[in-house]
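Hi there,

I am passing a structure on to you, as promised. Have a look at it first, and then read on for what turned up.

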Amino acid sequence: MAEVLEFRVPAGSAQTLLVWGLEPTVGLEHSLFSVFSKFGLLYSVRVHSNAAVAGPGCYAIIKFYSAADASRAQHACNGQRLFQNSPLKVCVCTKQKGFQQQVLALNSNKCQELANHYLGFNGWSSRIITLQNVSGFDDENEEVGKKRSVRYLCAVEVTLPNHGVRTRGVGLSEADVESGEDPLEFVTATRRVQKLAVGKALSSAFQKILLVVLESGKVAVEYNHAAEEPTDSLTEEELEGLVQVSELPLEPFDLEEEVLSDLTLDDELPVWEVPSN
């Protein structure tokens, strides 16, 4: 049976393992990462102290991109000592019924990590079609002496030559800068906004790619038509003139924060039910 992976933060319970019975030691997250990454690419490893009622010790939440990898890791590691004296308990988490979790797009760094793992470093490439300064288009009423907005719009193309797939993505990023501040600070803010716009555009392009992982380990690629945008039908020349396209959607993109590698535990985890067996 094939498994389909999207370039989104893994939110399925089948992709998430709960590990408990951990002894608090230095470098515990690193030890867990070293063991569980042997079974597949990991999205995150989070270690926390047990609640007071549960007694001393720690537990960990480990997220895989692939449910199949998580299942293999669970069967291989449950009841094993691995890197400590006492055996660990490992189970696949089950979300509490009725909980709805927002599924976010992976940031550009995570997208590249996932693409490199399944497609290889030479299995894909990207290029910037256009990076435009669109500051001031909505600031006609901006008052002198107040903050001004720095805004950049970017269009990126991702190509998978071995699969004959080519996708495009658009990203918009902005930041407020105090008027009259140090020019160096303004340049720094501008570069950061440019980088974020490129990252969002790259992530947007990856949202249109589905990785189909076969039982044999081979990977096929499909185009995700559900993620299509109005800009996908534009020519390259039209993409370079995006500023003049009035129908361009500039709504906020539900993207995992670009400057962070993961969400915090409190933001990403619901209440979990642990199987009784």
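Strand 8 (residues 148-160) and strand 9 are joined by 13 bridges and run antiparallel. One place to see this is Thr159, which stands opposite Arg166 in strand 9. Before going further, please keep in mind that this is a predicted model.

These two strands belong to an open sheet of three strands in the order 7-8-9, with antiparallel pairing. Its edge strands are strand 7 (125-133) and strand 9 (165-177), each of which pairs on one side only. From one strand to the next, the twist averages 20 degrees. Helix 4 lies across strand 7, strand 8 and strand 9, and it runs at about 150 degrees to strand 9.

Helix 4 also has a helical partner. Two packed helices are described by the angle between their axes and the distance between the axes. Here helix 3 (residues 108-119) packs with helix 4 (residues 183-206) at an angle of about 40 degrees, and their axes are 8 Å apart. Because of that angle, helix 3 counts as oblique to helix 4. The crossing of the two helices is left-handed. On the side of helix 3, the contact is made by Ser108, Cys111, Gln112 and Ala115, and on the side of helix 4 by Gly199, Leu202, Ser203 and Phe206. Sorted by class, this contact of helix 3 with helix 4 has four nonpolar residues, four polar ones and no charged ones.

Now to the other open sheet I would like you to see. Four strands form it in the order 3-4-2-5, with antiparallel pairing. Strand 3 (42-49) and strand 5 are its edge strands, and each pairs on one side only. On average, neighbouring strands of this sheet are turned by 15 degrees against each other, direction ignored.

Strand 2 (residues 16-22) is a good one to follow in your viewer. Six bridges join strand 2 to strand 4 (residues 58-64), and the two run antiparallel. Trp20 stands opposite Tyr59 in strand 4, and Leu17 has Ile62 of strand 4 as its bridge partner. Strand 2 is joined to strand 5 by four bridges, again with the strands running antiparallel; there, Leu18 stands opposite Cys91 in strand 5. How enclosed is strand 2 by the rest of the structure? Five of its seven residues are buried, so strand 2 is largely enclosed.

Two helices lie across strands of this sheet. Helix 1 (residues 28-36) lies across strand 2, strand 3, strand 4 and strand 5, at about 140 degrees to strand 3. Helix 2 lies across strand 2, strand 4 and strand 5, running at about 155 degrees to strand 5.

Strand 1 (residues 3-6) has a neat pattern. In a regular strand the side chains alternate between the two faces of the sheet. Along strand 1, Glu3 and Leu5 point to one face and are buried, while Val4 and Glu6 point to the other and are not. Strand 1 is joined by four bridges to strand 10 (residues 209-213), and these strands run antiparallel. Within that pair, Glu3 stands opposite Val213 in strand 10.

Two loop residues may also interest you. Asn224 sits in the loop between strand 11 (219-223) and helix 5 (236-240). Is Asn224 buried or exposed? Its relative accessibility is 11%, so Asn224 counts as buried. Leaving out residues up to four places away in sequence, Asn224 touches Glu6, Gln207, Lys208, Ile209 and Leu210. Of these, Glu6 is 218 residues from Asn224 in sequence, yet 9.0 Å away in space, C-alpha to C-alpha.

The other loop residue is Leu82, found between helix 2 (67-77) and strand 5 (89-92). Phi of Leu82 is near 55 degrees, a positive value in a residue other than glycine. Because its relative accessibility is 37%, Leu82 counts as partly exposed.

Finally, the overall numbers. The protein chain has six helices and 12 strands, and buried residues make up 44% of its 277 residues. Among contacts in the chain between residues at least 6 apart in sequence, 72% join residues at least 24 apart.

Best wishes, and enjoy looking around!

Methods:
Residues numbered from 1 in each chain as written. Predicted model: local features only at pLDDT ≥ 70, side-chain atom pairs only at ≥ 80, totals over all residues. Heavy atoms only, no water. Axes fitted to C-alpha atoms, helices over the stretch in contact; angles between N-to-C directions. Parallel < 35°, antiparallel > 145°, perpendicular 65-115°, else oblique. Left-handed = near helix turned anticlockwise from the far one by under 90°. Contact = heavy atoms within 4.5 Å. Nonpolar A, V, L, I, M, F, W, Y, C, P; charged D, E, K, R; others polar. Pairing = 2+ DSSP bridges. Buried < 20%, exposed > 50% of the residue type's maximum accessible area, 1.4 Å probe, protein only.
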